Amino acid sequence: MKIASWNVNSLKVRMPHLEEWLALAKPDIVALQEIKMETKAFPAEALRALGYEAVASGQKTYNGVALLARTAPTDTVVDIPGFADEQRRVLAATVGDLRIVDLYVVNGQEVGSDKYRYKLDWLAAVADWLRDEIAKHPKLVVLGDFNIAPDDRDVHDPEAWHEQVLCSTPERAALKRMLDLGLHDSFRLKDDTPGQFSWWDYRQAAFRRNLGLRIDLVLVSEALRASVQSAGIDRVPRTWERPSDHAPVWVESG
DNA sequence: ATGGTTGTTGAACAA
C-alpha cells in the first residue's frame, strides 16, 4: 500500500504531471493540496479513467484539497469540527481500513502577522479534531503540506530561517502537539539525514541548488508504525517542465 | 538590494 501527498499548486496546470506521476509511481492513495479550483471543476472522470476514485473540496482561486484512492473514499469530512473556516484546507475520509486526513496547513506569511495567528489557531483546532479521529480510527494517516519544517535537519539554511515562518518555535510546538497524540513522521522512521527537502522556492534557482525545506509530511498513527516499509520524497516531478514547487512525498506500508 | 518566480485573476494577492 503506497500512500502519497502532493501540493500540486493548481491542478488545472498540473493535471498532466499528476497523470504522468500516477503512472510512474502507482500510488494507492494520493492526497492533493492547492488544487486551486472549485469542487465542480475537479476532473473526477479523468481520474476514474486512470483507475482512481476521488473526492475533492475546492474553492475559487486558492487552497482546495482532494483525495484519490483505488476504492471510493467514504465518510468524507471537509470542515474542522467547531472551527468556522471558509478556506478549503482539510479533507478526511475512510479508505478500506484506513482513516486518511489530508491537510493544507495555513502558510502564515510572517511571524506575528494576522495570518500567522490564524495558522496557530487553525493548528490547535486541527489537533483537537485529530485527538477524536485517532480515538475513533486507530489506523490513522495524517498527510499533506504542513507548512512547518519539523526541525533544523529539514532546513537548508537553519540560521537564515531561525524563527522565521515555517520554522518558528510556536509552529514547531503546534506540530509536536499533533505528534504527541501518537503520530509519527514516517520519513524520519527511515531516514535521519539532513538536507532532504520537499519544497523549493521558484526563485533563485532554489531547486537546482537544493535550497529547500521539508514541509510535506506523512504522519502515521502508532497502530500503523510497524507496518511502514519505506518512506521517501520523489524529486523527479520537480525536474519536469513547469513544475509544482513541491515534490510528492510517500510512504509504503503493509 | 526587503529583491527573485509562479498561479489566479485581471493589479493585487498568496505562496
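## A buried arginine in strand 7

In this predicted model, R99 is buried, with a relative accessible area of 4%. Its place in the fold is strand 7. Beyond its sequence neighbours up to four places away, R99 touches T74, D75 and V77, as well as A92, A93 and T94. Its further contacts are E133, H137, K139, L140 and V141.

## A buried lysine in helix 3

K119 belongs to helix 3, which covers residues 114–136. The relative accessible area of K119 is 0%, so this residue counts as buried, the limit being under 20%. With residues up to four places away in sequence left out, K119 touches V105, V106, N107 and G108. The list of its contacts continues with N147, I148, V165, L166 and E171.

## The nonpolar cores

In soluble globular proteins, nonpolar side chains tend to be buried together. In this model, the largest nonpolar core has 29 residues. Those with the most contacts inside this core are I3, I29, L67, I100, V141 and L143. Eight strands are listed as giving two or more residues to the core: strand 2 (29–33), strand 4 (65–69), strand 6 (90–95), strand 7 (98–104), strand 8 (140–145), strand 12 (216–221), strand 13 (228–233) and strand 14 (249–253). Another core lies apart from the largest one and has 28 residues, among them A92, W122, L123 and L217.

The surroundings of L143 give a closer view of the packing. Leaving aside neighbours within four places in sequence, L143 is in contact with I3, A4, S5 and A31. L143 also contacts I100, V101, D102 and L103, together with L217 and V218.

## The surroundings of DNA strand B

DNA strand B is surrounded by 16 residues, and the closest are S10, R14, K115, R203 and R242. By class, the surface near this strand comprises 7 charged, 5 polar and 4 nonpolar residues. Of the atoms of DNA strand B within 4 Å of the protein, 74% belong to sugar or phosphate, and the rest belong to bases.

Individual side chains illustrate both kinds of approach. In the side chain of T61, an N or O atom is 3.1 Å from a phosphate oxygen of DNA strand B. For R89, the distance from a side-chain N or O atom to a phosphate oxygen of the strand is 3.4 Å. R203 approaches a base: one of its polar side-chain atoms lies 3.1 Å from a base nitrogen of DNA strand B.

Key:
Residues numbered from 1 in each chain as written. Chains lettered and ligands numbered in written order. Predicted model: local features only at pLDDT ≥ 70, side-chain atom pairs only at ≥ 80, totals over all residues. Heavy atoms only, no water. Core = buried A, V, L, I, M, F, W, Y, C linked by side-chain atoms within 4.5 Å. Buried < 20%, exposed > 50% of the residue type's maximum accessible area, 1.4 Å probe, protein only. Helix = DSSP H or I, 4+ residues; strand = E, 2+ residues; numbered from the N terminus. Contact = heavy atoms within 4.5 Å. Near = heavy atom within 4 Å. Polar contact = N/O pair within 3.5 Å; in protein donor to acceptor, adjacent residues only side chain to side chain. Nonpolar A, V, L, I, M, F, W, Y, C, P; charged D, E, K, R; others polar.
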